[in-house]
Each structure stands twice: as C-alpha cells, then as structure tokens.
Amino acid sequence: MTIVSMRVNGRAVAGEVEDRTLLVEFLREGLSLTGTHVGCDTSQCGACVVHVNGSAVKSCTMLALEAQGAEVTTIEGMAEPDGSLGAIQRAFQEHHGLQCGFCTPGMVMSAAALLRENPSPSEAEVRAYLEGNICRCTGYHNIVKAILAAAEELRAAPAAAE
C-alpha cells in the first residue's frame with residue numbers, strides 16, 4: 001500500500017491505495033466523490049472524465065498514484081462557490097442535455113475542457129470534441145445545444161462583471 005496525496009476540488013486529500021488502484025476508484029471509494037461514473041472500464045464511454053492539472057482525462061485509465069501531487073477537479077468541483085450549479089451544469093439542465101444522467105458528469109467535464117481551449121466553438125467542433133463520450137439516451141442534439149449556450153454565457157460573464 002502507498003500513500004497518495006493530491007488536491008481534489010481545491011481541497012488537500014491523501015489516502016492509502018494499492019499500486020493498481022485507478023483514479024476513479026480512489027475518487028469514488030476513497031473520497032466518496034461518486035459523481036464521477038464508471039461506465040465501461042475501457043476508456044470508451046467518457047463517463048469518468050475528470051480534470052488533472054487542467055487537462056481532461058478518463059480516470060478509469062489513470063492510476064491514482066499517477067495523480068500524486070496533482071490538482072484534480074471532479075464534477076462536484078464544477079459547482080459555484082455557494083453550491084449552486086455552474087454555468088455548464090445549468091445549461092445542461094435548461095437545454096435538456098440529459099436524460100438518464102449517467103453520462104452527464106463526463107459530458108460536463110469534457111465540455112469545460114473544450115470551452116477552456118476554445119471559448120467560441122462551432123457546433124461541428126463541439127460534436128468532434130465529444131467523440132470520446134457516449135450518451136445512449138439523448139442523440140447529442142440537446143447536449144450540443146447546452147454546450148453552445150454555456151459557451152455564450154461564459155463569454156458574456158466577464159462583460160457583465162465590468
């Protein structure tokens with residue numbers, strides 16, 4: 001067993017793990033952050049996407065030990081400081097970008113990574129970016145609408161603060 005430590009959603013955490021423990025297992029079982037879902041265990045579905053040092057990663061294919069010292073953000077960390085939904089989460093709710101909700105955490109995390117890289121994506125760019133995420137319910141139309149709406153809101157936010 002090895003001690004692993006990192007910052008998760010801005011909080012310093014540490015825990016004892018077996019060397020083979022996946023990051024998704026550490027988050028869900030070790031830290032009780034169950035918003036990150038396990039859908040396939042093969043890096044196909046994207047339900048387990050989290051951010052590690054600002055990059056979107058599929059946590060079912062990363063060992064917890066590889067995140068030693070890293071800054072990790074999960075879906076729980078996407079909320080506003082007051083606990084209300086963040087802009088992307090609100091957009092998914094307002095534009096019906098979810099049905100069963102199983103893929104939603106990974107979709108939101110992937111969308112956040114996309115919008116950090118490209119604040120003004122086209123519909124085609126959103127669809128291309130989401131190729132690593134599978135939704136078995138929605139057909140993606142409302143997911144794409146939600147991400148485009150979130151992009152618009154996030155671009156307008158700095159102007160509203162001035």
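## Salt bridges, cores and helix α3 in a predicted model

Glutamate 123 and arginine 127 are 4 residues apart in helix α4 (residues 123–129), which means that about one helical turn separates them. Helices here are DSSP runs of H or I with at least four residues, strands are runs of E with at least two, and both are numbered from the N terminus. The model is predicted, so local features need pLDDT of at least 70 and side-chain atom pairs count only at pLDDT 80 or more, while totals for chains, interfaces and linings use all residues. Residues are numbered from 1 along each chain as its sequence is written, and side-chain values use heavy atoms, with hydrogens and water left out.

### Salt bridges

The structure holds 4 salt bridges, a salt bridge being a side-chain nitrogen of Lys or Arg within 4 Å of a carboxyl oxygen of Asp or Glu. Three of these pairs are listed below, including the pair in α4.

| Acidic residue | Basic residue | N to O distance |
|---|---|---|
| Glutamate 71 | Arginine 7 | 3.6 Å |
| Glutamate 18 | Arginine 20 | 2.8 Å |
| Glutamate 123 | Arginine 127 | 3.1 Å |

Glutamate 71 lies in strand β5 and arginine 7 in strand β1, so this salt bridge ties together parts that are 64 residues apart in sequence. In what follows, buried means under 20% relative accessible area, exposed means over 50%, and partly exposed covers the range in between (1.4 Å probe, protein chains only). Glutamate 71 is partly exposed at 31%, and arginine 7 is also partly exposed, at 37%. Glutamate 18 is partly exposed at 35%, whereas its partner arginine 20 is exposed at 64%. In α4, glutamate 123 has a relative accessible area of 42% and arginine 127 one of 34%; glutamate 123 is thus partly exposed, as is arginine 127.

### The β1–β2 hairpin

Strand β1, which carries arginine 7, covers residues 2–8 and pairs with strand β2 (residues 11–17) in the antiparallel sense over 7 bridges. Two strands are taken to pair if DSSP finds at least two bridges between them. Valine 8 has arginine 11 of β2 as its bridge partner. The two strands form a hairpin with 2 residues between them, and asparagine 9 in the turn has a positive phi of about 55°.

### Nonpolar cores

A nonpolar core is a set of buried Ala, Val, Leu, Ile, Met, Phe, Trp, Tyr and Cys residues joined through side-chain atoms within 4.5 Å. The largest such core has 23 residues, of which Met78, Ile88, Phe92, Met107, Leu115, Ile143 and Ile147 touch the most other members. Helices α2 (87–94), α3 (104–117) and α5 (141–161) are the elements that give two or more residues to this core. The greatest contribution comes from α3, with 7 residues. A second, separate core of 17 residues includes Val13, Val52, Ala67 and Val72.

Contacts are heavy atoms within 4.5 Å; the contacts described here leave aside residues up to four places away in sequence. Methionine 78 is found in the loop between β5 (71–73) and α2. Methionine 78 is in contact with Thr73, Gly86, Ile88, Gln89, Val108, Met109 and Ala112. By contrast, methionine 78 and glutamine 68 are 10 residues apart in sequence and 21 Å apart in space, C-alpha to C-alpha.

Glutamine 89 is found in helix α2 and counts as buried, at 14% relative accessibility. Its contacts are Ile75, Met78, Ala79 and Val108.

### Helix α3

The 14 residues of α3 should span 20 Å at 1.5 Å a residue, and its end C-alpha atoms are 20 Å apart, in agreement; the expected span is 1.5 Å times one less than the number of residues. Of these residues, 12 are buried, so α3 is largely enclosed by the rest of the structure. Among the buried residues are Thr104, Ser110, Met107 and Leu114.

Methionine 107 touches Phe92, Leu130, Asn133, Ile134, Cys135, Tyr140 and Ile143. Leucine 114, also in α3, is buried at 5% relative accessibility. Leucine 114 touches Pro121, Val126, Tyr129 and Ile147. The C-alpha atoms of leucine 114 and alanine 56 are separated by 9.0 Å, although the two residues are 58 residues apart along the chain.
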